[in-house]
Amino acid sequence: MFNALALTDTRLQYDGRVRRAEDSVRLDWSGCGITLRVQGGAVRVRLHAEETGGQGSPCCKVLVDGAPTVTFAVTAASQWYMLAQDLPRDRVTTVRLIKVSEPQFGAAWLDGVQTTAEVLPAAPQPARKMLFIGDSITCGYGVYSAIEDPFSTDTEDITATYAWLLADRFDAQRHILSASGYGVATSNGGSTTDGLMPPVIPFVQFNANGEGEQWDTAAFTPDVVVVNLATNDAAAQSPADRLQNGIAAMLMDLRKTYPAAPIVWLYGAMVLWMEDTVRDTVTAFAATDGNTHYLPIVPVTREEMGSVGHPNAKGQRRIADDLEAPLSEILNW
């Protein structure tokens, strides 16, 4: 017989930037979700999704003891999804639900958790914390597709990205704030008012208008802030001075919010347009800040490309490989 677990139960560990609630929890940002430690039995969750149009529904992945078991699209109608069953009673099993698609293509709402298992206290979280801020590259846009394939949410997977892989390698908690097409000062579509990442960073949930409940930064104090932005600004042919001003303003805001954390700005995974502008602006800020760093990314090759030239799973792994050593040196990890 399944027993309900309150969504505010402390044994239910929330991952990523979410807000606990009694009735329903919105899983919005890529990589957010829940983790539960159990012995024996089965675990299921009740979910519903916002309808998102022609590019697919929000997608979630299940990990059991760290191994992926199933990925599924969440329907608009609330229903139960089995995460794991017939689990062994003689040992502890960790069951994890992760929202692997980005917030622009809909949120998944957690309406309930039920289990037939014995639920154990949540395990201690890793001491290290990493905050990633990015665009479609960080979202894992098209990681499971070929370059000529159209995008759909079932080809997007945050757990295949450089950000997720690096956090695993450094044994760190991660918060990932990213949205496809978003820029620093100019969106991919050329807007200077919409589709910008800086205005949405301060909020609990993704909101294209930069509105909503303010995130309590004390709830997650990162040891490093990794930014991978400006690809969309370059694609939209942003004037150099606009991009310079946008990067400088964003760096100042991040430093004010996170005074002790190293800030690492990445650029180059897809294009090298405006690389000089990005690099020179970041290094100029670093000259007076002392705890800001610029790391170039070697652009992906054709065999490393997924949909619309985005890094595929192979490309994302290579980027993680390239960044691991320089990040380790900066962070002394």
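A strand, as the word is used here, is a DSSP run of E with at least two residues, numbered from the N terminus. The exercises below use a predicted model.

**Exercise 1. Place Q173 in the structure and describe its surroundings**.

Solution.
Step 1. Find the element: Q173 belongs to strand 13.
Step 2. Decide on burial. A residue counts as buried under 20% relative accessible area. Q173 has 17%, so Q173 is buried.
Step 3. List the contacts, leaving aside neighbours within four places in sequence. Q173 is in contact with Q125, P126, R128, K129, M130 and F220.
Step 4. Compare sequence and space. Q173 and N188 are 15 residues apart along the chain, and 30 Å separates their C-alpha atoms.

**Exercise 2. Is S178 buried or exposed, and what does S178 touch?**

Solution.
Step 1. S178, like Q173, is found in strand 13.
Step 2. The relative accessibility of S178 is 1%, and therefore S178 counts as buried.
Step 3. Residues up to four places away in sequence are not counted. S178 then touches W29, S30, E102, P103, G134, D135, T138, C139 and M197.

**Exercise 3. Describe the largest pocket and its lining**.

Solution.
Step 1. Its volume is about 690 Å³.
Step 2. The lining of the largest pocket has 34 residues, and Q13, D15, R96, Q125 and R174 lie nearest the centre.
Step 3. Assign the lining to elements. At least two residues each come from strand 2 (13-15), strand 4 (33-39), strand 6 (59-64), strand 9 (93-99), helix 2 (162-169) and strand 13 (172-178). Strand 13 gives the most, four residues.
Step 4. Sort the lining by class: 15 residues are nonpolar, 10 polar and nine charged.

**Exercise 4. Describe the second largest pocket in the same way**.

Solution.
Step 1. The second largest pocket holds about 250 Å³ of space.
Step 2. It is lined by 15 residues, with S136, N188, N232, M270 and H310 the closest to its centre.
Step 3. Helix 3 supplies the largest share of this lining, three residues.
Step 4. The classes are seven nonpolar and eight polar residues, with no charged residues.

**Exercise 5. Which residues of helix 4 are buried, and what covers them?**

Solution.
Step 1. Set the limits: helix 4 covers residues 240-257, which makes 18 residues. From first to last C-alpha, helix 4 reaches 26 Å, close to the 26 Å expected at 1.5 Å a residue.
Step 2. Pick out the buried residues of helix 4: L243, G246, I247, M250, L251, L254 and R255.
Step 3. Look down the axis of helix 4. The buried residues fall within an arc of 160°, so they line one face of the helix.
Step 4. Turn to the other side of helix 4, where N245 and K256 are exposed.
Step 5. Identify the cover. The elements over the buried residues include strand 12 (128-134), strand 14 (224-228), helix 3 (231-235), strand 15 (263-267), helix 5 (275-289) and strand 16 (292-296).

**Exercise 6. Where do D171 and N332, with their positive phi values, lie?**

Solution.
Step 1. D171 is not a glycine, yet its phi is positive, near 50°. D171 sits in the loop between helix 2 and strand 13.
Step 2. N332 is also not a glycine and has a positive phi of about 60°. N332 lies in the segment after helix 6 (313-331).
Step 3. Check the exposure of N332. The cut-off for exposed is over 50%. N332 has a relative accessible area of 70%, so N332 is exposed.

Conventions
Residues are numbered from 1 along each chain as its sequence is written. This is a predicted model: local features need pLDDT of at least 70, side-chain atom pairs count only at pLDDT 80 or more; totals for chains, interfaces and linings use all residues. Side-chain values use heavy atoms; hydrogens and water are left out. The expected span of a helix is 1.5 Å times one less than its number of residues. Buried means under 20% relative accessible area, exposed over 50%, partly exposed in between (1.4 Å probe, protein chains only). The arc is that of the directions from the helix axis to the C-beta atoms. Contact means heavy atoms within 4.5 Å. On a 1 Å grid over the protein atoms alone, a cavity is a set of points where a 1.4 Å probe fits but cannot get out, and a pocket is an open set with protein on both sides within 12 Å along at least five of seven lines; lining residues have an atom within 4 Å of a point. Grid points are joined across faces, edges and corners, and a volume is the space filled by probe spheres set on the points. Ala, Val, Leu, Ile, Met, Phe, Trp, Tyr, Cys and Pro count as nonpolar, Asp, Glu, Lys and Arg as charged, and the others, Gly among them, as polar.
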